[in-house]
Amino acid sequence: MLRTRGLRALATVQAVLAAALLAGTAVAADRVAIDELLRNARLWQSLDRPDNVRLVLTKILAMDASEPQALLLLGELELRAGQPGASQRLLARLQQRRAAEAGELEQLQRLYTRDVARLNQLRLLRRGGNTAAALALARQLFPDGRPPGELAAEFAPLLAQAPGGWERVRAHLEQRIARGGSPRERLALYELLGERPATRAQALRGLDTLAAQAELPAARIEAVRRTVLAARAAATPQATATPGAAPADGSGTAADDVDVRYWALLRDAEALRDAGRLPEATARVQQARGLPVAEREGTLLWAELLARQGRPAEAEAAYRQLLDDPAARGRAVPRLLALLQQAGRIDALLADAQRLGAADAVDTGALRDAADARVAQGEPGVALRWLEAGVALLPASPWLRHDLARLYARLGQPALGQAVVDEGIALAPADAEMRQAGALFYAAVDRDAEALALIDTAPAAARSAPLQALAERLRQAQARREADAAADAARVLAEAQRRADAAEARRQPREEIALVPVARSAAAGRSSLRGLELPLVLTRPDSGGSDDRPAGERWLHVDAVLLDAGALPAAFAEASQFGQVQTTGAPLASDLPQRARGLSAGFGHTGENRRWDIGVIGAGFAVPNLVGGWREAFALGGSDASVELSRRVLGGGLLSYAGTQDPVSGRHWGGVTLNALALRLGRDVAGWSSSASLRAGLLRGRNVADNHTLQLRLATDRDWLQTSHLRANAGLTLSLWHYRRNLGFHTFGHGGYYSPQRYASLGLPLDLQGLPGGAWSAWSWRVRASVSRSWTHEQDAPYYPDDPALQASAGNPVHAGGSGGGWSLGLRAELERRLAPQWSAGAALVADRAAYYTPTQLQFYLRRHHKAQTAPVALPRPVQPYAQF
């Protein structure tokens, strides 16, 4: 960037001064160093960087508090910043020293205070194109035609239009430049000289020198050059009547005639170029280049036209021909580098910029974009090479340093990124953009404290508005993180307390009783089911235990069960779907009620990592069953794992749950158990809780064909909201089932349980938990809802799968299978209230809604603890009937 030259010179001066101080030299300021700093201050002034101007002037005045040029420049800076009081104090110091600069600052003081309204009006008139009124007002504000300070370059073109103004303004600018004027004043002088034929050559030479020094943006210099060249061409006769016509065939040999023809041809070529007629424009330029003229404008225009026509190699060769020409080099170098950059030849661009000493001609924005593109294409090594070369070429470029540091961090080398940032801060400690870029790097690698420290330690002059805005954003982000961390810590403590309270509650003896109505409407006598379960649970804690390893608990379940599937219709069409009725070919004598009553009982133990139980389901059923299970949980490589062996009853319908009697043979069948091995693995990563469960089982029942199943469930979820009163959790589940046989019907040998050969379900569960607190602190609730989409396939199934003779005697009938699936909804709602210190009551609703499957289960329960409960209310804990383990 353009400030590179100034920063390098500033760093050199600082090093010289530091060495002088360390060597113990005299305190008097080094004149050479002061002059160099003044030059840099004027450079920053021309680049509209008042922050850097102030920094340099502060250093000068620290060396020599009475340096008049520094006081003058600082006074003008204060006036432009709206600080006339500070400027007045600087004026007093100049007047006390009787410096010549006092008069100029006094004039500036007047213009920026008493006459500031007229000065602003002058600027408005000039921008609005009202030249006559602007010139009249300018002559009032500057009676001698010699504006002070930066106003000299600003109003030179306007004042030059006054009678005798051109000569007066020229002399004024030349005098200021002789005293060390700024690059902006030199540009204004060359623009002025370009207006007169006699001084145009001097203007063009001066512009070449200014471009070679690269102290102003090349676009500003090029704009003035084009204005001068246009004036020069306008002062010569037209070579052609219209653009594109053949040039006049002049035969004069005088140098001025050749010069006139040369510039006319170029003017015609530019008109053709602007009209999009590039081949014709190129031909005109080739004619101009064939003339014996020392100017290189034709070659530059020719190279530009070649590039526009997609001939970059020829354009590059043309530019390189001009590199050894001092008059054209300043214009050829930036155009050559722009050509290389547009062609994506970044390596060649950086090498040429280094070799030609033209770092300021490199477009750092385009270089950064090219590096970003390579990273996106999976080529970070190429981007790293370019950015490293770019920083070596432009060490004061804050954003190249930022991108290089970020790329180092992305490649796992944050220490190298930090070194790049720190080196930039050391090079330009007062550069606001350098600090902003460094702070953004630190923020990107989650080191906000260092980012804020980088901003907070910046000199006052470097604290730009964007830097302060970044600091405010970082502080807000830091405050949010601290608040989130505090909230997380509070939640962790609350959860730990809740678990401790739950553990304490488990250590206490308690009794629970529940009323569980069940209802499912389907085919009467077969898949319909209404019933009532009355579980009674007695729980007693183990002796011993601690907070780290809480004691387990022993429990006894005694459940009374009443089931009613309705009456099987006597009509053959309905009755033939049941038992062995199909073999008779006749209806039943009457409707056949399907009911069962029994008692389920079991006892077991639940500990921190182990659970076991053994019991009987349905003593009094047609087919009672011995059940039980053993589960072990343990840690496995940072994950939670468990293994379980179990034998459980399938409780979906009367046939699978309790068994029934065949009205033809009188034999009992049903009472299906799932004898399974289940494995589970779970892990929490980045706030997500994920698990995989696999179950393999053998299904058996009395007089029911054996079956095998394999079931896989994958789940992931996370808390999306968690406060002391509300928790919201949601995620995604995938279930895959396979049963070897389709035994979902109610003829003899079937089990009456859902057993598809292929089943896939994708679900979106939502879990809301509430502990209201306040006036509702005795209440707690939980709602679990899900929506899912399933895809299923069931094979055709023989009526009597386990008895070929019976199947043959019935005529080999089959139950039709097929593919299906669809959308389903599930809801589980729980509510609990602490009635008294030892008593709690609750209710729960479980409902599923899908095609042909609409079960609903209610529960009302009561719990009594032997000791008063003083801890906050826990989430609802409905009683689980033993058959549903």
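This report covers the cavities of a predicted model and the pairing of one of its strands, β1.

**Cavities**

Rolling a probe the size of a water molecule over the atoms shows where empty space is left. Searching the whole structure gives 5 cavities of 30 Å³ or more. The volume of the largest cavity is about 200 Å³. Its lining is made up of 18 residues, and those closest to the centre of the cavity are Arg42, Leu73, Gly149, Arg176 and Glu185. Four elements, α2 (31-46), α4 (68-80), α6 (101-112) and α11 (183-193), each give two or more residues to the lining of the largest cavity. Of the elements, α4 gives the most, with 4 residues. Sorted by class, the lining of the largest cavity holds 8 charged, 6 polar and 4 nonpolar residues.

**Pairing of strand β1**

Strand β1 covers residues 510-520 and pairs with β21 as well as with β2. The table sets out the two pairings.

| Strand paired with β1 | Residues | Sense | Bridges |
|---|---|---|---|
| β2 | residues 529-541 | antiparallel | 9 bridges |
| β21 | residues 856-865 | antiparallel | 8 bridges |

Individual residue pairs can be named for each pairing. On the β2 side, proline 517 stands opposite leucine 532. On the β21 side, valine 518 has glutamine 857 as its bridge partner. Strand β1 thus runs antiparallel to β21, and its pairing with β2 is also in the antiparallel sense.

Technical notes: Residues numbered from 1 in each chain as written. Predicted model: local features only at pLDDT ≥ 70, side-chain atom pairs only at ≥ 80, totals over all residues. Heavy atoms only, no water. 1 Å grid on protein atoms, 1.4 Å probe; cavity = no way out; pocket = protein on both sides within 12 Å on 5 of 7 lines; lining within 4 Å. Points joined across faces, edges and corners; volume = space filled by probe spheres on them. Nonpolar A, V, L, I, M, F, W, Y, C, P; charged D, E, K, R; others polar. Pairing = 2+ DSSP bridges.
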